[in-house]
Amino acid sequence: MPAPTAPAPVFDFRLVFAALPAPHALLGSDGRVEALNDAFLALLPGPVGAGLHQQPLAALLAACEAAGAWLAPAPVWAEVLATALATGQGQTLLPALHPAAPAGARYWRGTLQPLPEHYPAPRGLLLRLLDVTDQLHLEADPLRGYLRLRGLTEHLPQQVWTADAGGQMEFFNERTAEFLGPATRERARHDWRRAIHPDDQAPVLARWQRAVAQGTFFEAELRLLRHDGAYRWVLAQAQPARDARGRVLRWYGTNTDIHELHTLTHQLVRREREFRFLAESLPHLVWAADADGRLTFVNQRWVEYTGLTLAESQRTEWALLLPPEERAAAARDRAAYLAAGQEFEQRTRFREAGTGAYRWFLHRAQALYDEQGQFLRWYGTSTDVDDSARTQVLLEDQNQRLVRANQDFDNFVYAASHDLKQPINNMAGIFEELTRTAYFRDPDAVKLIEYFERALGQIYGTIDDLTAVVQLQRPEPPAPEPLALEPLVRDTIHSVQNQVTRLQAAITLDFAQCPEVRYVRAHLQSVLFNLLSNALKYAAPGRPPRIGLRAAPDPATGRPVLTVQDNGLGIDLDRFGAQLFQQFARFHAHIDGTGTGLYLVNRIVQSHGGRLEVASVVDAGTTFTIYL
């Protein structure tokens, strides 16, 4: 059973009739008075109105005249009433000024109209009165009307002007004259268009001529020439004044200065256009929202990606664009960010309308506040970071693999060095015992023993170098500490003192300008040991080694610069320059070595953010400059 419907409202004509603001009377089909509305009763004194029920129209007209309300003469009314009743067409009667009318008398235009269809039968006429007193007096005495208008307009803060029925300028007030200035004012009296900006003349004139021809309200924004030569934006408005017959008598107009408002409006429009251009140019989803996160603006990229217009986005919960399993947590986080009112970032997956796939997005938002600290709106971007997010996952996975590989390598080198050193130590012990107790008749035995000892030393050196490289590559190196250079260098010299003595090497130190550096002790010891031992190992035959070590601040950065200079064999940089710091690279095949010294030095220096530079001349020497 269908639900009952409410009854349609009934139009109560009598209720509306009683409330009409102008005097109205209901006349029956015989022309007698059926009812008067409240405005008509107020026009008549005392109980006069109540006694006019079912009275002829003539009695109503007489009561109006007695109350000081003058209408058209009664004989004319009788003829017009008969015509209206016979034809059912509306009729209008205009009053005229009467010399016998008392002072303060009001004149009323009467209109007879057939009753509307809402009024129940029998049908009759509706009489409406309209006060036209001021119009009649103005037509009878234009000078008095002009003086009243002149007195009023001179006290208004606006520019006021009048034009005749044909649109020609008649009058403008003192405010207008002050604005235009003497020269422009005289020209404007004959041709007011000269005061209008040339670019505005054609459209304003066309609109004015159309309003004059149709007798309709005129309004236009235009630039008007001020007395100082500047154009100011004004809002020009004009309303036609009509006589009792509805004919246009003249136009009354005003000009309101809106220059600041117009300029501000255009600035806002330009800024809005610039904002939209910027928002559409960015490779992001750009949006704005109110305090509750309800979107108030989205750019075209948002529409293309989500498939939702602004109106559709406002009706759609933001979380519905996220994977179902992530919506609740993301919505809680977003609500907390919005409530805090501070800049925030949020990373979620966002559904692409075209494919239905979810891609990772980074949402950033900044709250805008006014000068009083009141919140205005959120401005935000949503950036597609799916590719970088997937790359980050791969990098993290690879990093974990590298960490495990480094750990495995570290463990391998430690085990290898330990496992290798143990049998070598055993071999060295057996060999030492053998050489101590055994007797060798072969004259070459001594040379073989030297070869064996040298081989043992090389094996020990290789194992120590590999261990040092692994220690250097540990993810958490030891902390730097202040180090006095001269004591540290002398300790290092002491470790190679046998070579220094055997080669009669001369070593000079100059650390006056930079006596102390901040470095990892073991690392700096390794750098010094490798460079000093290389300077001694690769000494030129026939001349004692001359090795100089000095330190000074870098003039550009102030960081310490350590220099180690020798007069040894030198390095052919044209031939070996590209291999200089490669692991296991060797440049003097006739001298034993592992090829890890310079590689290790360079790695240590680079791990501290420094650099190593090499200058060398074959058979003259090498200079190592270390920017610590």
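**Exercise 1. Crossing of α15 and α17**

Task: In this predicted model, determine in which sense α15 passes α17, left-handed or right-handed, and how the two helices are oriented.

Solution.
- Step 1. Take the handedness: α15 passes α17 in a right-handed crossing.
- Step 2. Take the axes. Those of α15 (residues 485–495) and α17 (residues 521–537) come within 10 Å and cross at roughly 50 degrees.
- Step 3. Classify the angle. Under 35 degrees would be roughly parallel, and 65 to 115 roughly perpendicular. α15 and α17 are therefore oblique to each other.
- Step 4. List the contact. From α15 come L485, L488, V489, T492, I493 and S495. From α17 come R521, L524, Q525, L528, F529 and L532.
- Step 5. Sort these residues by character. The contact of α15 with α17 holds eight nonpolar, three polar and one charged.

**Exercise 2. The two faces of β22**

Task: Work out which side chains of β22 are buried, and how β22 pairs with β23.

Solution.
- Step 1. Recall the rule: in a regular strand, side chains alternate between the two faces of the sheet.
- Step 2. Apply it to β22 (residues 611–617). L612, V614 and S616 point to one face and are buried. R611, E613, A615 and V617 point to the other and are not buried.
- Step 3. Find the partner strand. β22 pairs with β23 (residues 621–627) in the antiparallel sense, over seven bridges.
- Step 4. Fix the register. L612 has I626 of β23 as its bridge partner.
- Step 5. Inspect the link. β22 and β23 form a hairpin with three residues between them. In the turn, D619 has a positive phi of about 65 degrees.

**Exercise 3. A five-stranded sheet and its helices**

Task: Give the strand order of the open sheet of five strands, name the strands at its edges, and place α8 and α9.

Solution.
- Step 1. Write the order: β8-β7-β11-β10-β9, with antiparallel pairing.
- Step 2. Read off the edges. β8 (169–172) and β9 (218–225) each have a single partner strand, so one side of each is left without a neighbour in the sheet.
- Step 3. Add the twist. From one strand to the next, the average is 25 degrees.
- Step 4. Check one pair. β9 and β10 (residues 231–242) are antiparallel over eight bridges. F218 has A238 of β10 as its bridge partner.
- Step 5. Place α8 (residues 198–214). This helix lies across β7, β9, β10 and β11, at about 150 degrees to β9.
- Step 6. Place α9 (residues 259–281). This helix lies across β9, β10 and β11, at about 115 degrees to β10.

Methods
Residues numbered from 1 in each chain as written. Predicted model: local features only at pLDDT ≥ 70, side-chain atom pairs only at ≥ 80, totals over all residues. Heavy atoms only, no water. Axes fitted to C-alpha atoms, helices over the stretch in contact; angles between N-to-C directions. Helix = DSSP H or I, 4+ residues; strand = E, 2+ residues; numbered from the N terminus. Parallel < 35°, antiparallel > 145°, perpendicular 65-115°, else oblique. Left-handed = near helix turned anticlockwise from the far one by under 90°. Contact = heavy atoms within 4.5 Å. Nonpolar A, V, L, I, M, F, W, Y, C, P; charged D, E, K, R; others polar. Buried < 20%, exposed > 50% of the residue type's maximum accessible area, 1.4 Å probe, protein only. Pairing = 2+ DSSP bridges.
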